[in-house]
Amino acid sequence: MAALDFASGLNLLYGGSNAGKSFVLKAVDFVTGSGDDFPGVKESQDYENVFLSFRLLPQGRTVTIRRSIRGGGVDWYEGVQNEGAIEGVKAETLHQIHGKGRKGAGSLSERLLDHIGIGVAKIASNKSGTPETFTFRNFIPYVLVNEGRMLGEDSPLKQSKRSKPGTDKNSFRFILTGCDDSSIARTATPQEARASKAGKIELLEGMLRDANAKVERLADTPEFSDADKEALESLGRQIAEHQMNLDRLRLQRRQTMNDLDSLRAEASELDTTIVRYNDLEDIFRSDIRRLEAIEEGGFLLRRFDDQPCPLCGAEPSHQHTSHEPEDLERQHQAAVIEMAKIDRDSRDLRELIISLSARLDGLRAREERLNAALAQTDVGILHNSPKEASLRQQYLATLSRADGGRFRENAVAQRDALQRQLDEVRKARSTVRRDEEVPMGIASNIGHELSMIVKEVLQKWEFPFVEAVRWDPVSDDIEVNGWARKTNGKGVKAIFHSALKVAVLIYCRRKSLPHPGFIFLDSPLVTYRKPIMYEKHGELAADELAVSQTSLDRKFYEHLASISDLGQFIVIENADPPSGTEKLARIEVFSGQNGVYRQGLFPPL
């Protein structure tokens, strides 16, 4: 097992070349979710996993993450764990890519960002506002400064070879402000604008070809003359007149039909009433015959007392009470009176029947007249309909010629409009207007404030003759005394780069902004290199030589030790530290293959 411990505050790892010092930083980069392959060396070929234990502040809780050197996800353990102690220990598997992973677990990036107080944050990756999610990997340039970053001429904000300048700039802005770009409305990128323009041109050209073909097809369409226009108007008037006549006849026919329906309903009702009254008259005649029989019976009864009773039919021998002459007279008078009444009613009914029959005859006569009028109206409709239809056909034929002319005119107008649109699109710029562009990077006031902290750090390190430090928003780098960082020798570039990354930590702490709380600095003091290192980094430049004559290396360590309450610093160097550094930092020495101390990260093969 190859292991290395670091203390809180300042740590120094130095020693011979090719002993594995820089490999430590690369391993930390890999286990925290790097998308690159494991940076294997000959000594690591028999190892399977990388373990990294760290303390989560302010709780003081210690956790360990493990990742296979073949890549994949990351296992999260509670406490300090190593290869020999994880058997049977429950691990939580996190995805190595932000936004991936199982529900409830997520990714290592989300877990770490959540711990330092960053939730979902969006970064504008270009001037069009295309959003990218801020991940823990966006912090890497500020916490893992390898030798290539340290000595190179790229902007200190550069996250990787694949990162976009907009992402680099706006990630830096988010780190220094805590404000992301999620509220920005996205506009088209120049590439999208060019693609959109090309697509519009292609579409308009296709539409223009179709419009030209349509104009050619309609080229032989006859002209619509003034005579055709007059004929169309005359036909329209004639059609209107015939239509009015037809409408009048149809309305008249409908009214006649309504009158017939009402008349027939009334006649049917009268006919039914007369039938009922005739039945009633028959009843009256039957009643008179009955009463006449009663009247005649009474007369006979008076003459023949020994006859059967006309009232009950009893034989004379069975009659118990003889009929008095007064009773028979009353019966006879009653029959006569009733007959007279029925006769009057019958005469009244007859008069009513005669009146209703006359009414019915009148209705039937009117029905005949209405039928005749209806037949005449139908004849008028049949006579006018063909004329109206013929006129309408002539109108439609003439209108078709007019439509042909209008179609040709419209086709020509559409073709000309498409040509104008195509010309305008071809002339239009395919770039985004400045007022639509999303600002990139930090504001000038933030750049000035950060520059003052960089100057403060350089003065603490007693860098000679620091008069002015300025943040250059174009190069995304600092200028010292009017000179860009990249114009200096390697050693001075490394010092300025280190000062910037330390200043970012100080700035975040002063502003109570999230920061991982640790910084790896690989070769920040390369300007103090020994002659044996000249082959790799070259002879000292004039500015490096001037710095090497100062005690900046001592002040560098003293200052980092003095701000150890802000975070953990791990410095990787080749040169021996100045005397007294052992009192300021935890020091680990890799002496190399021929050394007498620990030779390197891995035990000797």
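Reader: What makes the four strands E2, E3, E4 and E5 an open sheet, and which strands are its edges?

Author: In this predicted model, the four strands lie in the order E2-E3-E4-E5 with antiparallel pairing. Strand E2 (49–56) and strand E5 (92–94) are the edge strands, since each pairs on one side only. On average, and with direction ignored, neighbouring strands of this sheet are turned by 25 degrees against each other.

Reader: How do you know that E4 and E5 pair?

Author: Two strands count as paired if at least two bridges are found between them. Strand E4 (residues 74–78) and E5 are joined by three bridges and run antiparallel; the requirement is therefore met. As for single residues, Val74 has Leu94 in E5 as its bridge partner.

Reader: Which helix packs on the sheet, and which strands does the helix touch?

Author: Helix H2 (residues 108–116) packs there, touching E2, E3, E4 and E5. The direction of H2 makes about 40 degrees with that of E4.

Reader: Why is Arg66 called buried?

Author: Arg66 has a relative accessible area of 17%. Buried means under 20%, so Arg66 qualifies. The place of this residue is in strand E3 (residues 61–68).

Reader: What makes the approach of Arg66 to Asp75 and to Tyr77 a polar contact?

Author: The cut-off for such a pair of N or O atoms is 3.5 Å. The side chains of Arg66 and Asp75 make a polar contact at 2.3 Å, and those of Arg66 and Tyr77 make one at 3.4 Å. Both distances are therefore within the cut-off. With neighbours within four places in sequence left aside, the residues in contact with Arg66 include Val31, Asn49, Val50, Phe51 and Ile86.

Reader: Why is helix H1 described as mostly covered?

Author: Nine of the 11 residues of H1 (residues 21–31) are buried. Among them are Phe23, Val24, Leu25, Val28 and Phe30. Lys21 and Asp29 are also buried. After H1 comes Gly33, with a positive phi near 110 degrees.

Reader: Why are helices H5 and H10 called oblique to each other?

Author: Helix H5 (residues 165–177) and helix H10 (residues 490–510) pack at an angle of about 40 degrees, and their axes are 9 Å apart. Angles under 35 degrees count as roughly parallel, and 65 to 115 as roughly perpendicular. The angle of about 40 degrees falls in neither class, nor over 145, so the two helices are oblique. Phe172, Ile175 and Leu176 of H5 make the contact with Val504, Tyr507 and Cys508 of H10.

Reader: How do you know that Asp522 is buried?

Author: Asp522 has 3% relative accessibility. That value is under 20%, and Asp522 therefore counts as buried. Asp522 is found in strand E12 (residues 518–522).

Reader: Which residues are in contact with Asp522, leaving aside its neighbours within four places in sequence?

Author: They are Ser22, Leu25, Val145, Asn146, Glu147, Met150 and Ile572. The side chains of Asp522 and Ser523 are joined by a polar contact of 3.1 Å. Although Asp522 and Val571 are 49 residues apart along the chain, their C-alpha atoms are separated by 6.0 Å.

Reader: How many helices and strands does the protein chain have, and what share of its residues is buried?

Author: The protein chain has 13 helices and 14 strands. Of its 605 residues, 40% are buried. Among contacts with a separation of 6 or more, 68% are between residues 24 or more positions apart.

Technical notes:
Residues are numbered from 1 along each chain as its sequence is written. This is a predicted model: local features need pLDDT of at least 70, side-chain atom pairs count only at pLDDT 80 or more; totals for chains, interfaces and linings use all residues. Side-chain values use heavy atoms; hydrogens and water are left out. Buried means under 20% relative accessible area, exposed over 50%, partly exposed in between (1.4 Å probe, protein chains only). Contact means heavy atoms within 4.5 Å. A polar contact is a pair of N or O atoms within 3.5 Å; within protein, one must be able to donate a hydrogen and the other to accept it, and residues adjacent in sequence count only if both atoms are side-chain atoms. Axes are lines fitted to C-alpha atoms, for helices over the stretch in contact, and angles run from 0 to 180 degrees between N-to-C directions.
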